[in-house]
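User: I'm new to this one, so please show me the structure and then take me through it step by step.

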Amino acid sequence: MAKADFEIPQLNEYPEVPPVVPGTMAHSKPFIAKPEFQEPLNFPGELPDDWHDQAIDAMGDLLGKYRSLQVYLDSCVKCGACTDKCHYYLGTNDPKNMPVGRQDLLRKVYRRYFTFAGKYFPKLVGAEDLTREVLDDWYSYFHQCSQCRRCSVFCPYGIDTAEISMAAREIMDRIGVGQKYCNEIIGKVFRIGNNLGLPEMALADTLEGLEEDVEEETGVAVKYPLDVKGADILLVTPSADFFAEPHVDGLIGYGKVFHEAGVSWTLSSKASEAANFGMFIGSYENMRRVSMRIREAALELGVKRIIFGECGHAWRVAYSFLNTLAGPFDFLDPKYPVPQHILEFTWNEIQKGTLKIDKSGNDDMVVTFHDSCNVARASRMGDEPGGQFKIPRNVIKAVCDNFVDMAPETIHEKTFCCGGGGGLLTDDLMELRVKGAKPRMEALRNVIQEHGVTNMAAICAICKSQFTKVLPYYGMDMEMIVSVHQLVSNAIVLTGQTSEDDDESADDAA
Amino acid sequence: MPIEVNGKSLETDEEGYLANINEWEPGVAEVMAKEDELDLTDEHWDIINFLREYYEEYQIAPAVRVLTKAVGKKLGKDKGNSKYLYGLFPYGPGKQACRYAGLPKPTGCV
């Protein structure tokens, strides 16, 4: 773990609402995108002279396009229900990280330029001019919102701070003030096909390596196919699944499930990324461009179904927006949902009894589950309400005997963000990420102490990377975080698999 | 901010990665490690050299698993894991070691 040059929050037994300390995170801001990262997204490279007017025009444009934005900006009554609900407020004490405080940064400008009272009596209604200082505050604090939408669960009016953050980022992008992390990555998706910038040859090599590893371990030739025309299923998964740990252990698990289910499937080098950072920056155009790759790949490969791997916000985009962004998908097999989540597929196979499961493969673990925000609060799985909570847990319990949930106010629709979502998973925001993880770390530590939990499973690439990085700051082991399909992989017994005992005796002999 | 290596000034980006990979020389890793108060050993160099070879072929840093497998093959199975790599590069092998090797930073959800 790297040394921390900031104070790491103390974990408490019970969640405490911290006292307000203004400005504690005013210094936190991610690197600004250089022109070379702005231009591929059709955003200006730098702040223009008339940025003020352009920003107000952009706000007007968004207000006209998204009725919801205006409703959110108009309807807050300052009841305070949201104030202690944001993990970034709980971890930083900064009142601008209270959801209402964050919203007001945009709301005060909206009132000044778009409401009667704000135009003529600004002081009476908290309306303010858009100044350079306000813009700097926007840049800082709209990059301290992970768009997790926990606050919206508690808001009596259902105000969605995520949508306000997205709008603010879109306005800033349109005046040349973009965030390096997100915009560089979106450019890589356009240029190379995925967030990592993993070229086709490297992807093919990585997948070949996985096939070797799985065969060495199990004696079964499980395939991880790439660009196979005529396959039934296109798997679209975050490129972190090819690259990072524990993500790749989940990918190994998807392959084993497909193998045992006897279906034909393929990955695509063109759509080698499930993530869609276009959503994080609130840019419909970029979100659409990123989505179109999936449609094109599905058509070129002639698949019948599309399945998404473990990625939180990708599932939101896929479940909620894919059809309008890149549809219609009338060329796919109508017998299956478009798209489907890998957990829905695996749970179906478990119920059908096609998978041979030996739960002892996970006997060394006591597992808890971290609901990822975008899956929990912006999508569903299966065909009944709450399926997005039940199906991951059903799958875990089907492959693992020891499962414990964290405290009820920290799971399901009330889940806490990992602290790195919404385009904030970047090293230049490490202080924010560590502090924002505090509520989740508290809930986790409590189940460790009370129930001997050893591992936390997740279904989002960002969550997995974030926890790997921040767990050590709180004195916990980075390897505690596992993929749900890693648990599946540990327990699945492949047809014809040589048992581990055989392997060990073979090792001993050698 | 540029770094000084053997009398030459080499451009880096905001996060300290070399702007131009072709300007890399072993001194780059030495200078960067010194700033991090890290002594580079042969074990560090094994990783840095592997990263550079892989990048040359594939134009990207190797996946963690590709790297651990290669290390395991070369240095023994007990070293073919992330723990060993984090022991060498506490900021993470993917990022700190890539920086020393002159490679661009791996981006995305990693």
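**A guided look in questions and answers**

User: At what angle to β7(A) does helix α22 of chain A run?
Analyst: Helix α22 (residues 484-491) of chain A lies across β5, β6 and β7 of chain A. Here helices (H or I, at least four residues) and strands (E, at least two) are DSSP runs numbered from the N terminus. Axes are lines fitted to C-alpha atoms, for helices over the stretch in contact, with angles from 0 to 180 degrees between N-to-C directions. Relative to β7(A), the helix α22 of chain A runs at about 70 degrees.

User: What kind of model is this, and from which number are residues counted?
Analyst: It is a predicted model, where local features need pLDDT of at least 70 and side-chain atom pairs count only at pLDDT 80 or more, while totals for chains, interfaces and linings use all residues. Chains are lettered from A and ligands numbered from 1 in the order in which they are written, and residues along each chain, as its sequence is written, are numbered from 1.

User: Which strands stand at the edges of the sheet β5-β6-β7 (chain A), and why is one side of each left without a neighbour?
Analyst: The sheet is open, with 3 strands in the order β5-β6-β7 (chain A) and parallel pairing; two strands pair if DSSP finds at least two bridges between them. Neighbouring strands in it are turned by 40 degrees against each other on average, ignoring direction. Because each has a single partner strand, one side is left without a neighbour in the sheet for β5 (367-369) and β7 (481-483) of chain A.

User: Which residue of β7(A) does A457(A) stand opposite?
Analyst: On one flank, β5(A) pairs with β6 (residues 455-458) of chain A in the parallel sense over 3 bridges, where V367(A) has N455(A) as its bridge partner and F369(A) stands opposite A457(A). On the other flank, 3 bridges join β6(A) to β7(A), again parallel. There, A457(A) faces V482(A).

User: Are the residues on the two faces of β6(A) buried or exposed?
Analyst: A residue is buried if 20 or more other C-beta atoms (placed from the backbone) lie within 10 Å of its own, exposed if 12 or fewer, and partly exposed in between. N455(A) and A457(A) are on one side of β6(A), and M456(A) and A458(A) on the other. Both faces are covered, and these four residues are all buried.

User: Over how many bridges do β1 and β3(A) pair?
Analyst: Strand β3 (residues 305-308) of chain A points R305(A) and I307(A) one way and I306(A) and F308(A) the other, all of them buried. β3(A) pairs in the parallel sense with β4 (residues 340-341) of chain A over 2 bridges, with I307(A) opposite Q340(A). With β1 (residues 233-236) of chain A, where V236(A) has F308(A) as its bridge partner, the parallel pairing covers 4 bridges.

User: Which helix gives the largest share of the largest nonpolar core?
Analyst: A nonpolar core is a set of buried Ala, Val, Leu, Ile, Met, Phe, Trp, Tyr and Cys residues joined through C-beta atoms within 7 Å. The largest one has 171 residues, and those with the most contacts inside it are F243(A), F308(A), I396(A), A457(A), L487(A) and L51(B). Its largest share, 8 residues, comes from helix α15 (residues 312-326) of chain A.

User: How many other C-beta atoms lie within 10 Å of A326(A)?
Analyst: A326(A) lies in helix α15 of chain A. Not counting residues up to four places away in sequence, A326(A) touches S291(A), M292(A), I294(A) and R295(A), a contact being two residues with C-beta atoms within 7 Å. A326(A) is buried, as its count of other C-beta atoms within 10 Å is 21.

User: What distance separates the centres of domain 1 and domain 2 of chain A?
Analyst: By an automatic or database domain assignment, chain A is divided into domain 1 (35-178) and domain 2 (186-491). In contact across them are 23 residues of domain 1 and 25 residues of domain 2 of chain A. Taken over C-alpha atoms, their centres are separated by 30 Å.

User: How many residues of chain B are in contact with chain A?
Analyst: On the chain A side there are 31 residues in contact, with α11(A) giving the largest share, 5 residues. By class they are 19 nonpolar, 6 polar and 6 charged, where Ala, Val, Leu, Ile, Met, Phe, Trp, Tyr, Cys and Pro count as nonpolar, Asp, Glu, Lys and Arg as charged, and the others, Gly among them, as polar. On the chain B side, the number of residues is 19.
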